[in-house]
Amino acid sequence: MWRDRRVAAGAFVRLVNTAPNFALFVVAPLFFIDRIGFSQSTYLVIVTVVYTANIFANLMFGIVGDRFGWRRTVTWFGCATCAVGVLLLYYVPLWVGPNVIVVVACWAVFGIGLAGFVPLTALVPSMVSREDRGSALAVYTLAAGLSAFVGPALAGLLGGAAHMPVLIWTFAGLYVAAAAVTYVLRTPSDPGSADHVAEVDRAHVDL
């Protein structure tokens, strides 16, 4: 982490990836059941549908990352989409009430955005030497696990479901900050980098 600060930057982005999601596991049931008016069974159906979409989006963004670029995919399909999605899943239900289809659509934006961080797994170790890739992955995995603690802790520190607007705007701000940090996550191995494109073009010419 201290030899290449890009690894620390990648760990921060990975932490932000799922920390708000783990916080939502704590506060979302109180918000959607007690305030919006869904029954517990309906809420559980919504969660099941949303995270099923997330599973299939994980596969899609592996392909997108290899074509559009790992860093750009994380920035725009991950950070930016989650920032928009977390605002939608709070404000739209307040406006429309307990409408299952609308809430699923809004929450799915956030769930699919979470999958936009998938290329980060390839990006972080590719930035360091071969000898350091195991350590880089260890730092990355630490950040992934730490998000399960940071998310609920952040929800508690900010007042929980009683202060949902504060929580939601904090989450959106974290995703915007993570998008800014992705600017330093540059490596020639990234399919979206100019060096990588030039190398592929040279290979095609040689063939």
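Here are some exercises with worked solutions on a predicted model, built around a few helices and single residues.

**Exercise 1. Compare the reach of helix 4 with the span expected for a helix.**

Let's start with the residue range: helix 4 runs over residues 100-115, which makes 16 residues. At 1.5 Å a residue, the expected span is 22 Å. The distance from the first C-alpha of helix 4 to its last is 22 Å, close to that expectation. Now look just ahead of the helix, where N99 caps the N-terminal end. A side-chain oxygen of N99 sits 3.2 Å from the backbone nitrogen of I101.

**Exercise 2. Find which residues of helix 4 are buried, and what covers them.**

Begin with the residues themselves. Buried in helix 4 are V103, V104, C106, W107, A108, F110, G111, G113, L114 and A115. Next, look at the surroundings: the cover over these residues includes helix 1 (5-36), helix 2 (40-68), helix 3 (70-96) and helix 7 (164-181).

**Exercise 3. Work out how helix 3 is oriented against helix 4, and which residues meet there.**

Take the geometry to begin with: the two helices pack at an angle of about 160°, and their axes are 7 Å apart. Angles over 145 degrees count as roughly antiparallel, so helix 3 is roughly antiparallel to helix 4. As for handedness, helix 3 passes helix 4 in a left-handed crossing. Finally, zoom in on the side of helix 3, where the residues involved include F77, G78, T81 and C82. On the helix 4 side, V103, C106, W107, F110, G113 and L114 are among those that meet helix 3. These six are also listed among the buried residues of helix 4.

**Exercise 4. Repeat the orientation analysis for helix 3 and helix 7.**

The packing angle here is about 170°, with 8 Å between the axes. This pair is therefore roughly antiparallel too. Helix 3 contributes T75, C79, C82, A83, V86, L87, Y90 and Y91. They meet a set of helix 7 residues that includes M164, P165, W169 and Y175.

**Exercise 5. Decide whether T18, P191, V181 and T121 are buried or partly exposed, and describe their surroundings.**

The cut-off needed is this: buried means under 20% relative accessible area, exposed over 50%, and partly exposed in between.

1. T18 lies in helix 1. Its relative accessibility is 13%, so T18 is buried. The side chains of T18 and R14 share a polar contact of 2.9 Å. Setting aside neighbours within four places in sequence, T18 is in contact with A144 and S147.
2. P191 belongs to the loop between helix 7 and helix 8 (194-206). With a relative accessible area of 14%, P191 is buried. Its C-alpha is 5.9 Å from that of D66, although the two residues are 125 residues apart along the chain.
3. V181 is in helix 7. A relative accessible area of 24% makes V181 partly exposed. V181 touches A9, F12 and V13, not counting residues up to four places away in sequence. Between V181 and F12 there are 8.3 Å from C-alpha to C-alpha, and the pair is 169 residues apart in sequence.
4. T121 is found in helix 5 (residues 120-126). At 38% relative accessible area, T121 is partly exposed. Leaving out residues up to four places away in sequence, T121 touches L137 and Y140. A polar contact of 2.9 Å joins the side chains of T121 and Y140.

Note on methods: Residues are numbered from 1 along each chain as its sequence is written. This is a predicted model: local features need pLDDT of at least 70, side-chain atom pairs count only at pLDDT 80 or more; totals for chains, interfaces and linings use all residues. Side-chain values use heavy atoms; hydrogens and water are left out. Helices (H or I, at least four residues) and strands (E, at least two) are DSSP runs, numbered from the N terminus. The expected span of a helix is 1.5 Å times one less than its number of residues. Buried means under 20% relative accessible area, exposed over 50%, partly exposed in between (1.4 Å probe, protein chains only). Contact means heavy atoms within 4.5 Å. A polar contact is a pair of N or O atoms within 3.5 Å; within protein, one must be able to donate a hydrogen and the other to accept it, and residues adjacent in sequence count only if both atoms are side-chain atoms. Axes are lines fitted to C-alpha atoms, for helices over the stretch in contact, and angles run from 0 to 180 degrees between N-to-C directions. Angles under 35 degrees count as roughly parallel, over 145 as roughly antiparallel, 65 to 115 as roughly perpendicular and the rest as oblique. A crossing is left-handed if the near helix is turned anticlockwise from the far one by less than a right angle, and right-handed if clockwise.
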